[in-house]
Amino acid sequence: MYYTSTRDKSIRISSAEAITRGISAEGGLFVPTEIPQITLDDIKRIGTLPYTGRAKEILKLYLTDFTEDELNYCVEGAYKKTSFSSEKIAPLYKISDKESILELWRGPTCAFKDMALQLLPYLLSVSASKTLKDTKIVILVATSGDTGKAALEGFKDVENTQILVFYPVDGVSPMQKLQMTTQEGNNVSVCAIKGNFDDAQSGVKSIFTNSEIKKKFAENHLAFSSANSINWGRLVPQIVYYVSAYCDMVENGSLNLGEEMNVVVPTGNFGNILAAYYAKRMGVPIGKLICASNSNNVLTDFLKTGTYDKNRNFYCTASPSMDILISSNLERLLFHLSGENDAEVREYMKSLADSGKYTVEQKLFEKIKELFRAGYCDDALTKATIKENFDKYHYLCDTHTAVAVRVYEDYVGESGDNTPTVIASTANPYKFSASVLSALTSNIKSTDEFSMVDELHALTGAPVPPQLATLKDKKVRFSDVTTKDDMANVVFKMLNI
């Protein structure tokens, strides 16, 4: 299995090289040159395995330069030796005959990013041993909330690595901010930026592709890599949980082997739903891929019109991890569906950089429409959905999951499609206590985050994850704020170069 770039398909590199580099030199994203296939018999066999076994079976199809022992080391280290609150790692919660919640937040930071970011440090360390010698890896991360903490926790004190996370100063929840700014570890650093997630993400990308910075790094025996979903090592573990979800849907009788399931994903950067697309391409019987957005509905508009236009108002919402107007992983989808037309993708990305918009060719748009459905909801509907879901099923979901639930309900109402459906639940509700509590009651007595946690627990009985409850006693370590234009200097300062 080789990997190429969405902007230069002449490139052929191994998975270890793709994971170590993070992003291609010309700014493209690495993708597999072919999508491996699995049969229904394969799915039946994989379904008899625990999550770690399922992960190994899928990962070995993409990471063909990893030995069996190396994959065992990576997978067992990520999912057996770290704290997941469910033995199933990514359990399904069936709330109705046709609707199941895929709980992806059972890891140590209570967000779906743990599913990949507990594994990525292992993948990266093995990859680096194959491709880099006597070089320290510098992980740069832009986060809209959850990726930052999950990456920090995953890479904390990992040998021969240094990690720096940038987050929008007013664009994350209080709990997300505390998780990052109190992070322990000798190789970690965190800095806020004045701006939104797109500013942080574009700033990181510009550092990655700056030839002068790369030269300076090489002189100091340093190399960049990424923990964002632009890194294939972040994306490939996410494919696993959609295969696993299908196995569990068959196991619990929600569908028969071979029958389709729909998938609904709340998404901002398009990585999580792209992983479901890869699972579908592999042969998992997935019907519609339903993309759920909040008021920053650039993806909804694109999937309905074929025009991607980031020239619009940016909203800070109750679902901040989706407050994104530049969805990086969409580039990978465009490459695959255009027939690997790197010239076409380059033109779209150039247009996005120059004018903030592009319109895809009609033939490409028809392929997108066949695969995807899309919808969005605002904060008022998000909160109404949290209350309706809790009142009806006594199931408490966070603000991002609520967006997906509402979009799913709207889709069923419009289409009449009653296909059994998996809804990706991306965060524990206590990460957004203020918003979730205000959705359930107007009689809020609390004024600070942790009092709201207690009040929400008293109201719902939902267990409070201990790793969130203990944050109030931790000391803030990182309080720096910078601008997008000064991010490179922050990196140099952290590394003392």
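How do the residues of the lining of the second largest cavity divide into nonpolar, polar and charged? They divide into five nonpolar, three polar and one charged, where Ala, Val, Leu, Ile, Met, Phe, Trp, Tyr, Cys and Pro count as nonpolar, Asp, Glu, Lys and Arg as charged, and the others, Gly among them, as polar. The residues in question are Ser144, Pro168, Gly171, Asn196, Phe197, Phe314, Cys316, Pro320 and Asp323, and the cavity that they line has a volume of about 50 Å³.

The model is predicted, with local features needing pLDDT of at least 70 and side-chain atom pairs counting only at pLDDT 80 or more, while totals for chains, interfaces and linings use all residues. Residues are numbered from 1 along each chain as its sequence is written, and side-chain values use heavy atoms, with hydrogens and water left out.

Rolling a probe the size of a water molecule over the atoms shows where empty space is left. Here a cavity is a set of points, on a 1 Å grid over the protein atoms alone, where a 1.4 Å probe fits but cannot get out, whereas a pocket is an open set with protein on both sides within 12 Å along at least five of seven lines; lining residues have an atom within 4 Å of a point. Grid points are joined across faces, edges and corners, and a volume is the space filled by probe spheres set on the points.

By these criteria the structure holds four cavities of 30 Å³ or more. The largest cavity contains about 220 Å³ of space and is lined by 22 residues, of which Phe112, Lys113, Gly268, Asn269 and Ser321 are the closest to its centre. Its lining comprises seven nonpolar, 13 polar and two charged residues, and helices α11 (232–251) and α12 each supply at least two of the lining residues. Helices (H or I, at least four residues) and strands (E, at least two) are DSSP runs, numbered from the N terminus.

The largest pocket has a volume of about 640 Å³, and among its 27 lining residues Ser202, Lys205, Ile326, Leu352 and Ala353 lie nearest its centre. Helices α9 (197–208), α14 and α15 (342–355) each supply at least two residues of this lining, and the largest share, six residues, comes from α9. By class, the lining of the largest pocket has ten nonpolar, eight polar and nine charged residues.

Helix α12 (residues 271–282), which helps to line the largest cavity, packs with helix α14 (residues 330–337) at an angle of about 30 degrees, their axes lying 10 Å apart. Axes are lines fitted to C-alpha atoms, for helices over the stretch in contact, and angles run from 0 to 180 degrees between N-to-C directions. That angle makes α12 roughly parallel to α14, given that angles under 35 degrees count as roughly parallel, over 145 as roughly antiparallel, 65 to 115 as roughly perpendicular and the rest as oblique. The contact (heavy atoms within 4.5 Å) is made by Leu274, Tyr277, Tyr278 and Arg281 of α12 with Arg332, Leu333, His336 and Leu337 of α14; these residues divide into five nonpolar, one polar and two charged.

A second pair is formed by helix α4 (residues 68–79) and α6, which pack at an angle of about 155 degrees with their axes 9 Å apart, and are therefore roughly antiparallel to each other. In this pair, Glu70, Tyr73, Cys74, Gly77 and Ala78 of α4 meet Tyr122, Leu123, Ser125, Val126 and Lys130 of α6, a contact with six nonpolar, two polar and two charged residues.

Two further helices can be followed through their burial, where buried means under 20% relative accessible area, exposed over 50%, and partly exposed in between (1.4 Å probe, protein chains only). Six of the eight residues of helix α19 (residues 433–440) are buried, so this helix is largely enclosed by the rest of the structure. Those buried residues, Ser433, Ser435, Val436, Leu437, Ala439 and Leu440, pack against α17 (379–393), α18 (399–415) and α20 (449–460). Helix α7 (residues 146–155) is mostly covered, with nine of its ten residues buried, including Lys149, Leu152 and Phe155.

Just after α7, Asp157 takes a positive phi of about 60 degrees. Most residues other than glycine have a negative phi. Asp134, in the loop between α6 (120–131) and β6 (136–142), has a phi near 55 degrees and is exposed, with a relative accessible area of 74%. His221, in the loop between α10 (211–219) and β9 (222–226), also has a positive phi, of about 55 degrees, and is exposed, with a relative accessible area of 54%.
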